[in-house]
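Hello,

Here is the structure you will be working with. Please look it over before reading the notes below it.

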Amino acid sequence: MAGDTAPSVVSTTPTAGATNVSPSSDITITFSEPVNVSGSWFTISCATSGAHTATVSGGPSDFTLDPATSFRANESCTVNVLAANVTDQDALDPPDNMAADYSFGFQTADVFLCGEPATAIHDVQGSGLASPMSGIVTVEAAE
């Protein structure tokens, strides 16, 4: 009888190293076989917006993570799948858990959305005849 293999991550959306990912994207993780996930089985951490919680749906092989808050524009994010909290559903054990944690990262799109950090127009204008700022400055306007 052939031995069991540990479950593993076979694909993700966004893919590892993806760029121009929408800040409102969900994350999909596909495992090599049906799995049970428990507790804090994943983390999402981004350079600007920090840690993200997410609602989990799907399973037992494909799971979708819907982050509670959107990512920021032009930031790097890392998703970690914690091996200790992912077990296969078959009865052939060991192995039961993933062999190692799985990590992948992506870069969100460089877009400007209302509510993103911006410089107020009065700060760009300044109080004198010339602006105290040089170069390109991002401002935000209301409709």
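**What was found**

The protein has one helix and 11 strands. Please keep in mind that this is a predicted model. Along the sequence the order is β-β-β-β-β-β-β-β-β-β-β-α, with the helix placed after the strands.

Some totals for the protein come next. There are 143 residues, and 28% of them are buried. About 8,300 Å² of the protein is exposed, with 53% of that area coming from carbon and sulfur atoms. Among contacts with a separation of 6 or more, 65% join residues that are 24 or more positions apart in the sequence.

Strand 9 is a good place to look in more detail. Which residues of strand 9 lie on its covered face, and which on its uncovered one? Strand 9 runs through residues 76-81. Its covered face holds Cys 77, Val 79 and Val 81, while Ser 76, Thr 78 and Asn 80 make up the uncovered face.

Strand 9 also pairs with other strands. One partner is strand 5, residues 42-46, which pairs with strand 9 in the antiparallel sense over five bridges. In this pairing, Thr 78 of strand 9 has Ser 45 opposite. Another partner is strand 11, residues 102-108, where the pairing with strand 9 is again antiparallel and covers six bridges. Here Asn 80 is found opposite Ser 103 of strand 11.

Thr 78 and Asn 80, the residues named in these two pairings, both belong to the uncovered face of strand 9.

Regards

Notes:
Residues are numbered from 1 along each chain as its sequence is written. This is a predicted model: local features need pLDDT of at least 70, side-chain atom pairs count only at pLDDT 80 or more; totals for chains, interfaces and linings use all residues. Side-chain values use heavy atoms; hydrogens and water are left out. Helices (H or I, at least four residues) and strands (E, at least two) are DSSP runs, numbered from the N terminus. Buried means under 20% relative accessible area, exposed over 50%, partly exposed in between (1.4 Å probe, protein chains only). Contact means heavy atoms within 4.5 Å. Accessible areas come from the Shrake-Rupley method with a 1.4 Å probe; for residues, only the protein chains shown count as cover. Two strands pair if DSSP finds at least two bridges between them.
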